Every structure is written in C-alpha cells, then in structure tokens.
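Please open the structure in your viewer and keep the selection tool at hand, since this tour moves from one selection to the next.

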Amino acid sequence: MIIVLIGYMASGKTSIGKKLAEKLNYNFLDLDDFIEDRENMSVTDVFKEKGEIYFRKQESHYLNRLLKSKNNTILSVGGGTPCYSGNIDVILSAKNVKSIYLKASLTTLVNKLMSKKATRPLIAHIETTEEMTAFIGKHLFERIQFYNQAEIKVSIDNKTKDDVVEDIILELF
Ligand code: S3P
C-alpha cells in the first residue's frame, strides 16, 4: 500500500509521515524533497528561476511516477499537489493507495506558518499575522474542496505528532 498525506502547508505531512513510516515499517518519501533532488535546487529556487507553472508540471509528473512505482510507502505531497493538474483524481483512483487529509484549523496554520514561512515561496513575503490570516483563510477556502476528497481525515489541532500517528493507525486498520 501507498499512504498519501495531503493537507495545507505546515500541517505536519512530512514530520508525521516520517513517524508513521517508522511505526508501520514503511518507506518514507516527500514529494518536494524528491523534486529538489531531481532539479538539484530548492523548491524556492525552482519557483524563482523556473516559475510556479514549471514546478506544478514536475510535481504532477513525479506524483504519477511515484504512485506507479512504489509500495509500502508513506508519501507526503506539497500543500498544492492535490489542487492542480487533476492530481487528486490520480491519487483517488490509483490502486492500493489510501489518502489522508491532515486537517488543521486556520489558527493552528497561522501560528505555525508565521515561523515557518521562509522556505515557502507562496507565503515568504507575508509580514504580519493579520495578513497571514487573511491569505491562508482565502487560500484554504479555495483548496479545501480538494483536501476534503481524501478517504480519511484526521485533525491535528492541539495534538502531539504521536497522537496524530495513533489516530491515523486507528483509522487505517
Ligand atoms: C506549496 C507547498 C509546499 C511546496 C511549495 C508549494 C503549496 O509544500 O510544495 O512551496 O502550494 O501549498 P509543503 O506543503 O510541504 O510546505
């Protein structure tokens, strides 16, 4: 099985994915890291030098490739991955793939992203908490329709990463 973790930036897809992989004795893959390896540059530099459209093409290409070629893997994808190029349909229709939405409230996301925005080109320029709240509120509203299509939804609000991993395991088996 491949377990795909989806959700907004800073919802814990990578850190929770690594813990879940350890627990289940699965491999762990992060789609952004995979793209960075292939492109030999950071996601920030891909956005800056080649543009977001190029990034979205690569993201969709490698998602399709990984879903076809991997097994026993936790795959965390970028916050935008399910929202472009029909990627959510690819995830939902792939064989032996379970999708999990790591759901976080606006307050949780704003708090986390104020200190973690530097490596995220879409929000790196935002300065104040008020602006961040307005941006994420609108962005999440546009994206939630894609995230909500995941087969399993697990809230991360006010939980430790270990709690979230336990909740995911309860939902999966
Ligand atoms: C993006 C999220 C990022 C990364 C890129 C675009 C998005 O991944 O793919 O900066 O569109 O939400 P994380 O969700 O891991 O931060």
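Rings of Phe, Tyr and Trp, with the six-membered ring taken for Trp, count as a pair if their centres lie within 6.5 Å, and a pair is called tilted when its planes are neither under 30 degrees apart, which would be stacked, nor over 60, which would be edge-to-face. By this rule the count comes to 3 aromatic pairs in the model, which is a predicted one.

Begin by selecting Phe-47 and Phe-55, whose rings form a tilted pair with 4.9 Å from centre to centre and 45 degrees between the planes. Phe-47 and Phe-55 are both buried. Next select Tyr-101 and Tyr-147, another of the tilted pairs, where the centres are 5.2 Å apart and the planes stand at 35 degrees to each other.

Now turn to the ligand, which occupies the space of the largest pocket. Which residues come nearest to the ligand? Among the 13 residues around the ligand, they are Lys-13, Asp-32, Arg-56, Arg-120 and Arg-143. Colour this shell by residue class, and you will find 5 nonpolar, 3 polar and 5 charged residues.

For the individual contacts, select Lys-13, where a side-chain N or O atom is 2.7 Å from an oxygen atom of the ligand. Then select Gly-80, which places a backbone N or O atom 3.2 Å from a ligand oxygen, and Arg-120, where a side-chain N or O atom lies 2.7 Å from an oxygen atom of the ligand. Finally, show the ligand's surface: of the 390 Å² of accessible area that the ligand has on its own, the protein covers 94%.

Terms used
Residues numbered from 1 in each chain as written. Predicted model: local features only at pLDDT ≥ 70, side-chain atom pairs only at ≥ 80, totals over all residues. Heavy atoms only, no water. Near = heavy atom within 4 Å. Polar contact = N/O pair within 3.5 Å; in protein donor to acceptor, adjacent residues only side chain to side chain. Areas by Shrake-Rupley, 256 points an atom, 1.4 Å probe, with all protein chains shown as cover. 1 Å grid on protein atoms, 1.4 Å probe; cavity = no way out; pocket = protein on both sides within 12 Å on 5 of 7 lines; lining within 4 Å. Sits in = over half its atoms within 2 Å of the grid points. Nonpolar A, V, L, I, M, F, W, Y, C, P; charged D, E, K, R; others polar. Buried < 20%, exposed > 50% of the residue type's maximum accessible area, 1.4 Å probe, protein only.
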